[in-house]
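Biologist: I should like to learn how to read pockets, ring pairs and burial in a protein model. May we go through them in turn?

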Amino acid sequence: MNLAEGVQVVSFGILALMMIGAALGVVLFSNVVYSAFMLGGVFVSIAGLYLLLNADFVAAAQLLIYVGAVNVLILFAIMLVNKRQNFVPFPTAWVRKALTAVVSLGLFALLSAMVLSTPWSYSTATPVGNPIVVIGQHFFSDFLLPFEVASVLLLMAMVGAIILARREYLPEQIVPSDLPQTVLTLPERPRELVPAGSDKQE
């Protein structure tokens with residue numbers, strides 16, 4: 001094994017451990033904000049794996065779209081809405097946990113069997129032309145409609161987060177007054193009456 005292959009193996013191990021740890025943090029953290037930050041760590045680890053596969057465009061798209069747009073949108077939606085709710089434990093919560101464990105173990109076994117049965121080999125074929133130019137041509141010709149639909153979906157998610165985070169402010173009437181009060185007008189505190197001649201007595 002030469003130096004380049006050793007660096008790739010070590011980098012793959014670090015990124016894989018980082019991705020698995022961040023994914024476990026997404027599931028196990030009780031705080032939703034921490035889970036969203038861990039999700040960003042998962043996205044960054046996947047972008048690093050794309051770089052190891054020489055897919056620089058996919059890695060840049062992973063960072064820009066998932067980390068820079070989707071994950072930030074999730075964080076803004078969580079931190080702006082901030083709806084507190086008291087959760088009551090269900091008496092049959094163990095059934096849901098057992099079903100989740102069975103599905104997760106089955107999916108892990110299926111993926112492991114696929115990885116072990118796939119004949120992995122290095123490709124020596126050279127790509128024709130610049131791959132980024134080819135991807136751009138496909139985006140704006142064959143896959144134009146799905147590309148625009150994805151942007152509309154992201155816009156709808158952003159508008160939904162803004163609507164959920166919007167709060168109406170109505171000031172309380174402290175001093176009754178006959179004049180109409182607007183939202184920008186602050187109520188005036190009543191002044192205390194001081195008897196005349198109190199300074200002379202002091």
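The dialogue below takes up the pocket, the record, the aromatic rings and one serine.

Modeller: Please keep in mind that this is a predicted model.

Biologist: How does one look for empty space, and what volume does the largest pocket have here?

Modeller: Rolling a probe the size of a water molecule over the atoms shows where empty space is left. In this structure, the largest pocket holds about 1600 Å³ of space. Its lining is made of 29 residues, and those closest to the centre are Phe 12, Ala 16, Met 19, Leu 49 and Val 115.

Biologist: Which elements give two or more residues to that lining?

Modeller: They are helix H1 (3–28), helix H2 (32–52) and helix H4 (93–117). The most comes from H1, which gives 10 residues.

Biologist: What classes of residue line the largest pocket?

Modeller: The lining has 22 nonpolar residues, 6 polar ones and 1 charged residue.

Biologist: What does the UniProt record list as "transmembrane region"?

Modeller: The entry, which is unreviewed, lists residues 6–29, 36–53, 59–81, 102–123 and 143–165 under that name. One can then examine such a stretch in the model. Residues 6–29 are 96% helix and 0% strand, with the end C-alpha atoms 34 Å apart. For residues 36–53 the values are 94% helix and 0% strand, and the end C-alpha atoms lie 26 Å apart.

Biologist: Let us turn to the aromatic rings. How many aromatic pairs does a search of the whole structure find?

Modeller: The search finds 4 aromatic pairs. One of them joins Phe 29 and Tyr 34, whose ring centres are 5.9 Å apart with 65 degrees between the planes. Planes over 60 degrees apart count as edge-to-face, and the pair of Phe 29 and Tyr 34 is of that kind. Elsewhere, Phe 139, Phe 140 and Phe 147 form one aromatic cluster.

Biologist: Are Phe 29 and Tyr 34 buried, partly exposed or exposed?

Modeller: Here the reading depends on relative accessible area: under 20% is buried, over 50% is exposed, and values in between are partly exposed. Phe 29 has 41%, so Phe 29 is partly exposed. Tyr 34, at 47%, also counts as partly exposed.

Biologist: Where is Ser 35 found, and why is Ser 35 called buried?

Modeller: Ser 35 is found in helix H2. Ser 35 is called buried because its relative accessible area is 11%, and the cut-off is under 20%. Leaving aside residues up to four places away in sequence, Ser 35 touches Gly 25, Val 26 and Phe 29. Phe 29 is thus a link between the two topics, as it also pairs with Tyr 34.

Definitions and conventions. Residues numbered from 1 in each chain as written. Predicted model: local features only at pLDDT ≥ 70, side-chain atom pairs only at ≥ 80, totals over all residues. Heavy atoms only, no water. 1 Å grid on protein atoms, 1.4 Å probe; cavity = no way out; pocket = protein on both sides within 12 Å on 5 of 7 lines; lining within 4 Å. Points joined across faces, edges and corners; volume = space filled by probe spheres on them. Helix = DSSP H or I, 4+ residues; strand = E, 2+ residues; numbered from the N terminus. Nonpolar A, V, L, I, M, F, W, Y, C, P; charged D, E, K, R; others polar. UniProt positions renumbered as here; feature names shortened; annotations may be inferred. Phe/Tyr/Trp six-rings, centres within 6.5 Å; stacked < 30°, edge-to-face > 60°. Buried < 20%, exposed > 50% of the residue type's maximum accessible area, 1.4 Å probe, protein only. Contact = heavy atoms within 4.5 Å.
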